[in-house]
Amino acid sequence: MMENNIVVGVDLGSSKIAVVAARAIRNSQGESLEIIGFGEVPVTRGAVVNGSVENVVQVGSAIKAALDQVSSISNLEIGLVNVSFGGMHVKVNQQSDGVIRPTSSAGEEVTEQDVAQLVNDIYRAKKDANHEVMHVFPQYFTVDTSTGIREPVGRPGIKLSADFMVLLANNQSIKRTKRSLSTADSSLRTDKLIYAPVATAMAVLTEEEKNAGIALVDIGDHTTDLIIYQDNIIRHIASFPVAGRHITADLKTGCGIQPENAEKLKRTFGTALAENVPATIEIIINYLSGRPPRQVLKKNVAMIIEERLKEIAAMAYAEIRRLGLVDDLIGGVVLTGGTSSIPDIEYVFRRVMNDMPVRVGFPEGLEHTPKADVVSSPTYATAVGLVWAGIRPLDERLSPRKQVWAVSGRAGNGPLPPLDESGDLVEAPRNPTRPSVGGVSTWLKGLKNPFGMNGPTNNEAGEY
């Protein structure tokens, strides 16, 4: 995967580029990440729209700036990275396929190679000229006449089949994503492209939660994404076009200010429960040069934010109810994305979702260091998940059973495509004085929207 066992994750968000470099550590408590470096740079408005790169030059410039931040902190030369993708161009299909195993007798067991062949057949069976298969997530397998099998390896049988969730992305959008990386640095290469909400889930959800059943609600800048896990399997993916940017737009209209003022208002003074805000606190906004400042009540700001959050919560809850999973998601709901930093957001979701368990998700499994304190926020969750994607498989059923730890040499292989990818890549030229780093449906289909925020909590009146 890389030299020095360091993985680099580059999160291409609609409002910012976030980068994290880390290595895996194994100790008596299990595995954790030692954060080596991090960086965050805002993206020019319109450069990334609905999760899709639209301006290669502007995104490339932001990537370079974020990587430079990482290098300045950690003295790393970065050549190979894991990168996120997302957006309205992503499609999710359901497919089924099967193979007749080349066995000499009916008593031979299903092997990892049999599963790999079945999955790779899905990758090769491209039916859409405009979209590329990015991920194949098995659901349950069938071995001969036995159905509903989570783990088929080791079961005797002749015919192996399965249902799959297939995630596809627009070819042109993926090409622009890759071009933005080469624009940032011609020697920069992509090890893995990971769907952003899946990467985020790897950072903020525990294995116990994914086994018990849990919904991740990732509120981005343009879109809100929903991923549901059951039995440690991705069971459902959906996206909605309402997110953080809509909150900003509401504040712009409601307060009569410019978008940048509204964004700062949301980040600095935003809160999700209006009932907890006194009606006497005023915020002074210097919104336009040469004009007197505007005065707005903090309670009114909270009311605007709360109403939009209720809408987002209602969309996610309606999808969970449509699937009949309200009582099956024992782990409840985990909120992530910049907007999840708004104080009291979990209480709004809990009320709308009929008292389902709700918590805000932060990156898990980080070594306790000053760098980890910075990275342990929703802003960096996807980038941290991209690092984990260079160490752990997206689905352990699609990876060799031998786990390889970063601290003992080459870190683990990615699961997709399984088994038949060596992962060996040509190294980029590097400065010998610096270490080199590498590799690291749906309800309301017409909806999907912008958003992305994170910011400090401030419960007092203020001025800016």
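**Loops, rings and enclosed elements in a predicted model**

With a relative accessibility of 61%, Asp355 counts as exposed. This residue of the predicted model is found in the loop between helix 9 and strand 19. Its backbone is a bit of an oddity: the phi of Asp355 is near 65°, a positive value in a residue other than glycine. Asn354 lies in the loop between helix 9 (345-352) and strand 19 (358-360) as well. Asn354 is not a glycine either, yet its phi is positive, at about 55°. As a general matter, most residues other than glycine have a negative phi. Asn354 also counts as exposed, its relative accessibility being 58%.

Stepping back to the whole chain, the protein has 11 helices and 21 strands. Of its 464 residues, 56% count as buried. The accessible surface comes to about 18800 Å², and carbon and sulfur atoms account for 48% of that.

Next come the aromatic side chains. A pair of aromatic rings is described by the distance of the centres and the angle of the planes. The structure holds 2 aromatic pairs. Phe38 and Tyr380 make up an edge-to-face pair, with 6.0 Å from centre to centre and 75° between the planes. This pair links distant parts of the chain, as Phe38 sits in strand 3 (residues 30-42) and Tyr380 in the loop between helix 10 (370-375) and helix 11 (381-389), 342 residues apart. Phe38 is buried, with a relative accessible area of 15%, and Tyr380 is buried too, at 6%. The other pair is made by Phe85 and Tyr195, whose ring centres are 5.7 Å apart; their planes meet at 45°, so this pair is tilted. Again, distant parts of the chain are linked: Phe85 belongs to strand 7 (residues 80-85) and Tyr195 to strand 12 (residues 189-195), 110 residues apart. Phe85 counts as buried at 4% relative accessibility, while Tyr195 is buried with a relative accessible area of 2%.

Aromatic rings also turn up alongside arginines. Arg294 has its charged end over the ring of Tyr287, 4.5 Å from the ring centre. Likewise, the charged end of Arg392 sits over the ring of Trp388, at 3.9 Å from its centre.

Among the helices, helix 3 (residues 171-184) has 14 residues, which at 1.5 Å a residue should span 20 Å; the C-alpha atoms at its ends are 20 Å apart, so the expected and modelled spans agree. At the start of helix 3, a side-chain oxygen of Asn170 comes within 2.9 Å of the backbone nitrogen of Gln172. Which residues of helix 3 are buried? They are Asn171, Ser173, Ile174, Arg176, Thr177, Ser180, Leu181 and Ala184. For reading a list like that, it helps to recall that an α-helix has 3.6 residues a turn, so residues three or four places apart point the same way. Helix 4 (residues 196-204) is mostly covered, with 9 of its 9 residues buried. Several of the buried residues of helix 4 are alanines, including Ala196, Ala199, Ala201 and Ala203; the list also holds Pro197, Val198, Thr200, Met202 and Val204.

Burial comes up again in the strands. Is strand 15 (residues 233-240) largely enclosed or largely open? In this strand, 7 of the 8 residues are buried, so strand 15 is largely enclosed by the rest of the structure. Strand 14 (residues 224-230) and strand 15 run antiparallel and are joined by 7 bridges. One of the residues involved is Asp225, whose bridge partner in strand 15 is Ser239. The hairpin of strand 14 and strand 15 has 2 residues between the strands, and here Asp231 takes a positive phi near 55°.

Thr224 lies in strand 14 too. Thr224 counts as buried, at 1% relative accessibility. A polar atom of the Thr224 side chain lies 2.6 Å from the backbone oxygen of Val242.

Conventions:
Residues are numbered from 1 along each chain as its sequence is written. This is a predicted model: local features need pLDDT of at least 70, side-chain atom pairs count only at pLDDT 80 or more; totals for chains, interfaces and linings use all residues. Side-chain values use heavy atoms; hydrogens and water are left out. Helices (H or I, at least four residues) and strands (E, at least two) are DSSP runs, numbered from the N terminus. Buried means under 20% relative accessible area, exposed over 50%, partly exposed in between (1.4 Å probe, protein chains only). Accessible areas come from the Shrake-Rupley method with a 1.4 Å probe; for residues, only the protein chains shown count as cover. Rings of Phe, Tyr and Trp (its six-membered ring) pair if their centres lie within 6.5 Å; planes under 30 degrees apart count as stacked, over 60 as edge-to-face and the rest as tilted. A charge sits over a ring if NZ of Lys or CZ of Arg is within 6 Å of the ring centre and within 35 degrees of the ring normal. The expected span of a helix is 1.5 Å times one less than its number of residues. A polar contact is a pair of N or O atoms within 3.5 Å; within protein, one must be able to donate a hydrogen and the other to accept it, and residues adjacent in sequence count only if both atoms are side-chain atoms. Two strands pair if DSSP finds at least two bridges between them.
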